[in-house]
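Subject: Structure for your review

Dear colleague,

Please find below the structure that I am handing over to you. I would be grateful if you could read the notes after it with the model open.

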Amino acid sequence: MLHGPERCGEEKSHMPTRLLELYADPRRGGSCKGMITRFFIGATLVQIVCLDLEGVLVPEIWIEVSQRTGIAELSRTTRDEPDYDKLMRGRIEILERHGLRLADIQGVIATMAPLDGAEEFLGRLRARFQVVILSDTFYEFADPLMHRLGRPTLFCHRLEVCTEGFVRGHRLRMPDQKRAAVNAFRALNFTTVAAGDSYNDIAMLGAAHAGIFFRPPPGVTEQFPDFLVTQTYADLDDAISRAVGGHG
Ligand SMILES: [Mg+2]
């Protein structure tokens with residue numbers, strides 16, 4: 001039972017004091033349970049958690065393709081090459097050289113699964129917060145994995161594919177889209193927490209109210225030591241909750 005301002009304060013410590021007193025005051029209607037419930041729903045909806053995809057919820061797609069095809073040079077990722085556009089131009093050139101079509105890569109991706117525990121973690125997160133996946137992958141790649149994850153909202157890019165099925169280019173929806181999305185959410189008055197693992201997440205982590213690393217490679221954390229580092233979904237979940245509490 002929720003009675004009295006102290007109990008209500010425990011339930012949602014960032015609720016404005018005046019509202020706590022008003023909703024909790026027995027002289028104004030006794031139990032504040034209904035009011036608290038309404039406020040709690042409102043509080044969760046004004047917070048957005050932005051998650052990177054590869055390395056956070058699913059394996060690195062290009063590493064998987066590299067292993068399946070035996071083409072070692074396809075294993076380079078944003079962990080190795082900070083310039084994403086340069087990285088993608090190199091990948092497309094390698095695919096062309098080896099005669100690999102989009103369908104070949106999609107065939108590999110169709111056999112991939114989310115990281116262990118990712119589906120449960122994302123489900124728990126989405127029950128409490130709005131979650132948006134900000135990824136530098138492509139809609140043509142992501143679809144089977146997003147299906148496994150319950151189809152959360154995904155902002156990513158498109159590939160250019162010729163009539164013969166070869167990847168001829170990549171079309172970034174916009175440059176620096178992760179940072180732009182976080183800044184847009186903030187401009188819309190959403191408290192925003194972001195989590196990612198690599199170089200292409202740094203701008204997003206920096207733009208958010210709170211930025212959190214999840215299983216980053218050592219080189220990244222040495223260059224960007226200011227972000228909290230988490231290694232398990234339990235730790236990431238806890239870090240997100242604490243970050244939201246601090247900015248609610
Ligand atoms: Mg990543």
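The notes below go from the whole chain to its core, then to helix packing and to individual loop residues.

**Overall picture**

Please bear in mind that this is a predicted model. The protein contains 12 helices and seven strands. Of its 248 residues, 34% are buried. When contacts between residues at least 6 apart in sequence are considered, 57% of them connect residues at least 24 apart.

**The nonpolar core**

The largest nonpolar core comprises 50 residues. Within this core, Cys 50, Ala 208 and Ile 212 have the most contacts. Helix 12, which spans residues 233–247, supplies the largest share of the core, namely five residues.

Ile 212 merits a closer look. Leaving aside residues up to four places away in sequence, Ile 212 touches Ala 195, Phe 227, Leu 228 and Thr 230, as well as Leu 236, Ala 239, Ile 240 and Ala 243.

One of these partners, Ile 240, can also be viewed together with Phe 129. The two residues are separated by 111 residues in sequence, yet their C-alpha atoms are 9.9 Å apart in space. Phe 129 itself sits in the loop that links helix 7 (118–128) to strand 2 (130–138). Phe 129 has 19 C-beta neighbours inside 10 Å and therefore counts as partly exposed, since a buried residue would need 20 or more.

**Packing around helix 6**

Two packed helices are described by the angle between their axes and the distance between the axes. Helix 6 (residues 102–109) appears in two such pairs, which are set out in turn.

The first partner to be described is helix 8 (residues 139–148). The axes of helix 6 and helix 8 come within 9 Å and cross at roughly 20 degrees. Because this angle is under 35 degrees, the two helices are roughly parallel to each other. The crossing of helix 6 past helix 8 is right-handed. Helix 6 contributes Leu 102, Ile 105 and Ile 109 to the contact, while helix 8 contributes Glu 140, Phe 141, Pro 144 and Leu 145. By class, six of the residues in this contact are nonpolar, none is polar and one is charged.

The other partner is helix 4 (residues 61–69). Here the packing angle is about 100 degrees, and the axes of helix 4 and helix 6 lie 10 Å apart. Since an angle from 65 to 115 degrees counts as roughly perpendicular, helix 4 and helix 6 are described in that way. On the helix 4 side the contact involves Ile 61, Glu 64, Val 65 and Arg 68, which meet Ile 105, Val 108 and Ile 109 of helix 6. This contact has five nonpolar residues, two charged residues and no polar ones. Ile 105 and Ile 109 of helix 6 thus take part in the contact with helix 8 and also in that with helix 4.

**Two loop residues with positive phi**

Which residues other than glycine have a positive phi? Asp 176 is one, with a phi near 55 degrees, and Arg 215 is another, with a phi of about 45 degrees.

Asp 176 belongs to the loop between strand 4 (167–171) and helix 9 (177–187). It is partly exposed, having 14 other C-beta atoms within 10 Å. Arg 215 is located in the loop between strand 6 (210–214) and helix 11 (218–223). Arg 215 likewise counts as partly exposed, with 14 C-beta neighbours inside 10 Å.

With kind regards

Definitions and conventions. Residues are numbered from 1 along each chain as its sequence is written. This is a predicted model: local features need pLDDT of at least 70, side-chain atom pairs count only at pLDDT 80 or more; totals for chains, interfaces and linings use all residues. Axes are lines fitted to C-alpha atoms, for helices over the stretch in contact, and angles run from 0 to 180 degrees between N-to-C directions. Helices (H or I, at least four residues) and strands (E, at least two) are DSSP runs, numbered from the N terminus. Angles under 35 degrees count as roughly parallel, over 145 as roughly antiparallel, 65 to 115 as roughly perpendicular and the rest as oblique. A crossing is left-handed if the near helix is turned anticlockwise from the far one by less than a right angle, and right-handed if clockwise. Two residues are in contact if their C-beta atoms, placed from the backbone, lie within 7 Å. Ala, Val, Leu, Ile, Met, Phe, Trp, Tyr, Cys and Pro count as nonpolar, Asp, Glu, Lys and Arg as charged, and the others, Gly among them, as polar. A nonpolar core is a set of buried Ala, Val, Leu, Ile, Met, Phe, Trp, Tyr and Cys residues joined through C-beta atoms within 7 Å. A residue is buried if 20 or more other C-beta atoms lie within 10 Å of its own, exposed if 12 or fewer, and partly exposed in between; C-beta atoms are placed from the backbone.
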